[in-house]
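Please have the sequence and the 3D model open side by side. The paragraphs below walk through them in order.

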Amino acid sequence: MHLVYPAVLSSLLFCTGLYGVLARRNAILVLMSVELMLNAVNLNLVAFDVWLRDTLHAGQALTLFVIAVAAAEIGIGLAIVLAVYRGRGTSDIDKLRDAAEPRDPHDDPYDPSDTAAVADAADATDEKAEATA
Amino acid sequence: MTTTTLAVLVPLLPFLGAVAGLLLGRTVPGLVRPLAVLPTLAALVLAVVVAVDQGGGNGNGTAALNTHTQLTPTGSVPIELALHIDGFAALVAVLVGVVATCVQIYSTGYLRDDPRYPSYAALVSLFTSAMLLVVYSGDLIVLLVGWEVMGICSYFLVGHYWETPEARAASLKAFVVTKLGDVPFLIGLFALAADAGSFRITTVLGKAASSGGLDHPTLIALLLLAGVAGKSAQFPLHTWLPDAMAGPTPVSALIHAATMVAAGVYFIARLLPVFAASQAALIVLAVMAAVTMAGSALAALAQDDIKRVLAYSTVGQLGYMTGALAVGDRDAAVFHLLTHGGFKALLFLAAGVIIHAAGTNSLSAMSRMKDLRDRVPDAFWTMTVALLALAAIPPFSGFFSKEAVLGAAEHTATGDQHGVPAVTGWIVLVAGLLTALLTAAYATRLWLLAFNGRGGEAPDHGRQPVVMNVVLWVLAIPSLALGLVTGVLPDWFDGRSLTPALTTSVLGTGVALVGGLVTYGAWRHTTAMAAIGAASGATPDATPDAVPDADPGRLLLGPLYRHAAVGFHLDGAYAALFVRPVRAAASLVQFLDRAVVDTYVRAAAETPKALGWAVRRAQTGNVQTYLSALLAGTVVLVVAVVLVATAGA
């Protein structure tokens, strides 16, 4: 079998997984897409192992490793998604934005009242210094 | 103990007293008074012992005490802890001890209810110690240490009542104005040391007397004069002294009459050969003295505050001393310093009692009080003695010392004094006689207004503490009797005769009597007018201003009165010349700082802030966005690596 078939198939699988990771909203579907990408890699590993006629079969061994790691990863990932869903009633990634930079009204450089407040504070400290002097 | 040990203890004891007073003042209040009085008293006793040990100083052949020790090498020109005690130093130290002891004892009564008395007493002790250091020191840098310690103590003591804005302003003014003179003074000391190769006074004097002399005598003398003018309140740096009366009255007596302002005069007297090496410096000194004494006497005639009258009279009497130095006679200058220290301290302390009794500083208010003299009989009699001494009426002490000054001036004017230009003699003589007239006039005015008032009863503030009155009588002794020592004093000094000469005695006493009588006549006239005015102005709508007061100064000075009352607008001129330009420069600097420099600083802060804001906007919290950016970055990197690899191949 020519190498191009498994290579094309694995790249198609990888791109599908990539699309799923970047575009899906449901966390479970995102995890499934990650699995797709891992399996695309596995396919590549096995195909190249055969094509290179590796006597040690390092590609196959690594595939087994990846499957084991993927199983562990999906287990933890699903547990997290379950916990998040229980806590918040949703598993929609778009709504899970706790890591976003909070909107601080004092920090906006384009807010004109902000700089005035800073200048006022400076003046006030100056006056205080003069009064004590 | 050797004389040297005793002499070292003289400045050291008040210093230790000051340190102990500052440390223990709060914790052991019972020790404050002994710690204030006893070290000063001990220093006085030791100063007397040192003076007796020194015998007659130079005049009768006793060599001046000269010892020195070097603590550590200090570079090219060595600085040594040196003592140089001649007759001048010994007697001035006794004067300082007497006045300081009297002031400390008086203060225990005067400031008995003051919450800040411990720090006050400690500062007075420190001040005394600094003045004694100046007097005894034989090294110019060590002398400068005492000189500057006095400056800072004066600042603290004038600002003793720092709750009042006047005291704060006066203390700052005293400090800044004297510092203004101290900067050229320091440079002058360095120049002197560079020329003489030593800071030791004996070496400097030896170099000045040697055939080569100093290299830059005029420059050095003028630089040193600036510091002396600041410390001794000579024109044009005298403006701090009248304002310094915002301090407690004993402080005025100690600092601003008898000791600190005497330091400048004493300094010139010590280094007179250096000044005499430059005729220009002597002429400048004479003009300075003449302007100071005549101007201050006019200003004293127009003051309403009793302490300001005394302050201006201090300025004027210091003018006499610098005048005597300008004609090259330090014997007369230091003699006047001694007598003036005695009677001026007495005047201030008596004024403190009077102010206490009258409840006011104002002479015109006192002139509306009847029987003030019966309330304070001790102050009345001692003040009368001191005023007679001030006005140089024989046989009080001021007469002898002032005649010595005038005699020295006359001596120089007739060309008998070698190496001193005759013109300085004339300047000092004419100004001195004019000032003698004015001095008698304002002394008479002060006495008449304070003790011969008409009007309501003086308020009764109860008896004064006994210590205050005792001190007054103790200080009255030198005012009465210091004239007797004119025969002995030349032995302590350079050996010139201090006995009054006939011409100047007659002239000086004559003008003094004229001044006193004219003032008395003017006072009779003004009181009569005031009585008429009060009678006619008894209608209810008459304002107090409409009633002419009994001040004879207003009649005597005429149109000059208004200007003399504000010290001839010198403060205003300084404000226009120095204060306003400095303020304008300060506001310019403020503008440059706020509008120009701060712009860069703000921009330096705003730019990273804006950048940070832009970066923070990327933190949406959406993991998929991050991953997209990661993918895009990876693609870009891979493309770049491929391109580089193919280009290299």
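What follows covers confidence, one annotated segment, the contact between two chains and a pair of helices.

This is a predicted model, in which local features need pLDDT of at least 70, side-chain atom pairs count only at pLDDT 80 or more, and totals for chains, interfaces and linings use all residues. Residues are numbered from 1 along each chain as its sequence is written, while chains are lettered from A and ligands numbered from 1 in the order in which they are written.

Chain A has a mean pLDDT (the predictor's confidence in each residue, from 0 to 100) of 82, and 77% of its residues reach 70 or more. Residues 114-118 of chain A fall below 50, and beyond near neighbours in sequence this stretch makes 2 contacts (C-beta atoms, placed from the backbone, within 7 Å) in the model. Where pLDDT is low, the predicted coordinates should not be read in detail.

An unreviewed UniProt entry annotates residues 61-85 of chain A as "transmembrane region"; such annotations may be inferred rather than shown by experiment. In the model these residues are 100% helix and 0% strand (DSSP runs: H or I, at least four residues, for helices; E, at least two, for strands), with the end C-alpha atoms 36 Å apart.

Between the chains, 13 residues of chain B are in contact with 12 residues of chain A. On the chain B side, α26 (570-617) and α27 (623-648) each supply at least two residues, and α26(B) gives the most, with 5.

Within chain B, α3 (residues 87-110) and α4 (residues 117-136) pack at about 175°, their axes 9 Å apart. These two helices are therefore roughly antiparallel (angles over 145 degrees) to each other.

Methods: Axes fitted to C-alpha atoms, helices over the stretch in contact; angles between N-to-C directions. Parallel < 35°, antiparallel > 145°, perpendicular 65-115°, else oblique.
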